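Colleague: I'm still new to this, so could you take me slowly through the place where the ligand sits? I'd also like to hear about the other hollows in the protein.

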Amino acid sequence: MTFTTTFTRLALSAGLALGTVGAAQAAEEDVKIGFIVKKPEQAWFINEQEAATQAGEELGFSVVRLGGEDGQEVLSAIDNLNSQGAQGFVICPPDVRLGPAIMNRANQYGMKVVTVDDRFVGSDGEPMEEVPHLGMSGYKIGQQVGEAIAAEMEARGWDPQEVAALRITNYELPTAKERTDGATDALLEWGFPEDNIFDAPQQNTDTSSAFSAASPVISQRGEFEHWIIYALNEESVLGGVRATEQYGLGAEDVIGVGINGSGAAFAEFSRSNPTGFHGTVAVSSTQHGRQTAEDLYRWITEGEEPPANTETSGTLMTRDNWQEVRAELGL
Ligand code: GLA
């Protein structure tokens with residue numbers, strides 16, 4: 001590190017930590033945090049980690065980006081962070097039920113923890129309120145998905161009795177259940193027949209697991225020519241759309257609406273021929289990454305514990321407006 005950057009960093013942190021002696025001490029050491037995500041190759045998580053790094057460059061702390069795709073990987077990521085002298089980490093866990101084990105390891109090292117996106121669940125099956133969390137307002141965003149699908153069915157003049165819904169579910173993950181429940185309720189309220197909703201439980205939250213879950217369900221319901229598709233995220237909706245394509249259903253037969261608004265959706269909207277992927281409710285992954293990293297930094301340097309639970313909102317993005325929404329949300 002050059003003299004100038006050291007100087008700027010110290011000046012910056014000293015300014016921010018003004019007030020308490022303990023805080024000033026912490027700020028003078030180099031602050032280092034980890035940012036661990038369950039799917040490091042997914043655009044959503046790449047964006048979060050980049051935004052956290054950027055926040056660190058601006059505020060004067062460093063961010064170690066790590067992947068943790070299962071419990072074992074997460075625990076070794078924490079060991080690794082400890083040996084690098086990190087004071088805490090932000091994490092989107094690969095399985096929310098790992099919460100107690102992850103906290104156990106973090107507490108051994110005296111590290112502070114903030115969860116992002118997927119909130120830890122304790123051994124009692126309830127959210128671990130003691131760990132500060134930032135994530136989507138899942139149910140509301142799910143309702144936006146349901147409303148967007150209903151509006152598009154109306155625009156196409158579809159008779160809901162003749163439409164099948166592919167609901168790709170992941171009930172182990174509470175935020176996923178909230179999202180698909182929100183979408184289902186909005187659709188039922190609009191008048192979609194409950195009997196036409198078919199579940200495809202996915203094992204994971206990515207495109208390939210959604211594709212595998214969706215294929216047999218579509219194959220079993222060959223009598224339906226029109227499908228709507230929803231899931232916890234756009235990667236999974238894309239898996240469903242790809243599965244419908246396998247059975248010869250085209251863009252005019254399918255309405256899929258996802259959640260996230262990241263690279264996966266942009267790639268789909270950029271294709272010259274539209275697909276059944278109609279839209280996605282975009283949430284700012286940039287804000288998720290930035291806010292959680294900054295909250296953790298302030299907690300470490302100023303002793304200010306982040307809010308217990310922060311919920312973020314979303315905006316519908318379709319082929320028609322995706323570039324504007326993208327710019328608006330800083331994605
Ligand atoms: C879950 C999903 C991600 C993303 C985040 C956003 O972790 O798996 O794709 O939607 O939630 O909160």
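Modeller: Let's begin with the shell around the ligand: its residues divide into five nonpolar, four polar and four charged. In this sorting, Ala, Val, Leu, Ile, Met, Phe, Trp, Tyr, Cys and Pro count as nonpolar, Asp, Glu, Lys and Arg as charged, and the others, Gly among them, as polar. This is a predicted model, where local features need pLDDT of at least 70 and side-chain atom pairs count only at pLDDT 80 or more, while totals for chains, interfaces and linings use all residues. Residues are numbered from 1 along each chain as its sequence is written, and side-chain values use heavy atoms, with hydrogens and water left out.

In total, 13 residues surround the ligand (each has a heavy atom within 4 Å of it). The closest are K38, D117, D118, N233 and N260.

Now for some polar contacts, meaning pairs of N or O atoms within 3.5 Å. K38 has a polar side-chain atom 2.9 Å from an oxygen atom of the ligand. For R179, the distance from a side-chain N or O atom to a ligand oxygen is also 2.9 Å. With N233, a side-chain N or O atom lies 2.8 Å from an oxygen atom of the ligand. On its own the ligand would expose 300 Å², and the protein buries 100% of that (areas come from the Shrake-Rupley method with a 1.4 Å probe).

So what kind of space is this? The ligand takes up the largest cavity. A molecule sits in a cavity or pocket if more than half of its atoms lie within 2 Å of its grid points. On a 1 Å grid over the protein atoms alone, a cavity is a set of points where a 1.4 Å probe fits but cannot get out; a pocket is an open set with protein on both sides within 12 Å along at least five of seven lines, and lining residues have an atom within 4 Å of a point.

The structure holds two cavities of 30 Å³ or more. The largest cavity has a volume of about 110 Å³, a volume being the space filled by probe spheres set on the points. It is lined by 13 residues, and K38, F45, R179, N233 and N260 are the closest to its centre. The second largest cavity has a volume of about 30 Å³. Among the residues lining the second largest cavity are V114, H133, D295 and T310. Strand 5 and helix 11 (285–302) each give at least two residues to that lining; helices (H or I, at least four residues) and strands (E, at least two) are DSSP runs, numbered from the N terminus.

Then there are the open pockets. The largest pocket has a volume of about 290 Å³. Of its 17 lining residues, P94, D95, N170, Q203 and N204 are the closest to its centre. Its lining has four nonpolar, five polar and eight charged residues. The second largest pocket holds about 260 Å³ of space. There, 14 residues form the lining, with R119, H133, P174, T175 and E178 the closest to the centre.

Conventions:
Polar contact = N/O pair within 3.5 Å; in protein donor to acceptor, adjacent residues only side chain to side chain.
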